[in-house]
Amino acid sequence: MRRYGARFVREATGVLLLALVVAVLVKVFLVQAFFIPSESMIPTLEIDDRVLVSRIAYLLDGPDRGEVIVFDMPMEYEDPPEPIWESMVRHVVEAVGIRVARVEDLIKRVIAVGGDRLEVRDNRVVVNGLVLDEPYVPPGARMADLGPIYIPDGHVWVMGDNRDNSRDSRSFGPVPVDTIVGRAFIRFWPVSRLEGL
């Protein structure tokens, strides 16, 4: 009887370790879940929503206007680095969805891409002379006039949908494409708000 118990423990441990390795590989290379910590994307994303992000969405082509992306926080806004041991533990537990991620990535909507000319005039975003139709912006949102700004190649201009309460390209400028983690493609939590992005 004792042999069967030891065998079960070994097999269960092996299965758990394999599941953990698969979860980490999926997170690193394919799809990652992200937690929404702020109001910057309301009404599209609420605080505590969870989204799935494709890490391979931009392997062949860059982002398009209107897509919701996750990208590395610009260096001037980053928190101080955490100790290596804490970082390793955090990444492992995040891979299996146990703990909320540290706020080191931002999620925003792509408004303009490299080569575009962007302005904000009379509370409207104008890209290449055309006013953007932005049904995702909450009614009554206000924006200060801005620009014109020319977006350099290899960069995107991002803004939160909640224009009154978003730290975005208006404060830190265009985002380098090589800092993009991936494209958010579905809100999966809460289940009552399950929807593609």
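## Strand pairing and surface features of a predicted model

At 38% relative accessibility, asparagine 165 counts as partly exposed, because that class lies between the limits of under 20% for buried and over 50% for exposed. The model described here is predicted. Asparagine 165 belongs to the loop that runs between β9 (155-159) and α3 (169-172). Its C-alpha atom is separated by 8.7 Å from that of methionine 41, although the two residues are 124 residues apart along the chain.

A second loop position may be described in the same terms. Isoleucine 56 lies in the loop between β2 (50-54) and β3 (68-72). With a relative accessibility of 40%, isoleucine 56 also counts as partly exposed. Together with Leu59 and Leu60, Ile56 forms a nonpolar patch on the surface, and the accessible area of these residues together is about 380 Å².

The strands on either side of this loop, β2 and β3, both have pairings with β11. Strand β11 (residues 180-189) pairs with β2 in the antiparallel sense over five bridges, and leucine 52 stands opposite isoleucine 186 of β11. Between β3 and β11, which run antiparallel, there are three bridges; here valine 70 has glycine 182 in β11 as its bridge partner. Strand β11 is further joined by two bridges to β12 (residues 195-196), again in antiparallel fashion. A hairpin of five residues provides the connection from β11 to β12. Isoleucine 186, which faces leucine 52 of the β2 pairing, also stands opposite glycine 196 in β12.

The antiparallel pairings that have a stated bridge count are set out below, each with one pair of facing residues.

| Strand pair | Bridges | Facing residues |
|---|---|---|
| β2 and β11 | five bridges | leucine 52 and isoleucine 186 |
| β3 and β11 | three bridges | valine 70 and glycine 182 |
| β11 and β12 | two bridges | isoleucine 186 and glycine 196 |
| β5 and β6 | four bridges | valine 120 and valine 125 |

The last row concerns an open sheet of four strands, arranged in the order β7-β6-β5-β8 with antiparallel pairing. Strands β7 (130-131) and β8 (146-150) stand at its edges; each has a single partner strand, so one side of each is left without a neighbour in the sheet. Within this sheet, β5 spans residues 117-121 and β6 spans residues 124-127.

Aromatic side chains complete the description. The structure holds one aromatic pair. In addition, the charged end of arginine 109 sits over the ring of tyrosine 136, at 3.8 Å from the ring centre.

Definitions and conventions: Residues are numbered from 1 along each chain as its sequence is written. This is a predicted model: local features need pLDDT of at least 70, side-chain atom pairs count only at pLDDT 80 or more; totals for chains, interfaces and linings use all residues. Side-chain values use heavy atoms; hydrogens and water are left out. Rings of Phe, Tyr and Trp (its six-membered ring) pair if their centres lie within 6.5 Å; planes under 30 degrees apart count as stacked, over 60 as edge-to-face and the rest as tilted. A charge sits over a ring if NZ of Lys or CZ of Arg is within 6 Å of the ring centre and within 35 degrees of the ring normal. Patches are made of residues with over 30% relative accessible area and no salt bridge: like charges are joined within 9 Å, nonpolar side chains (Val, Leu, Ile, Met, Phe, Trp, Tyr) within 5 Å. Accessible areas come from the Shrake-Rupley method with a 1.4 Å probe; for residues, only the protein chains shown count as cover. A salt bridge is a side-chain nitrogen of Lys or Arg within 4 Å of a carboxyl oxygen of Asp or Glu. Buried means under 20% relative accessible area, exposed over 50%, partly exposed in between (1.4 Å probe, protein chains only). Two strands pair if DSSP finds at least two bridges between them.
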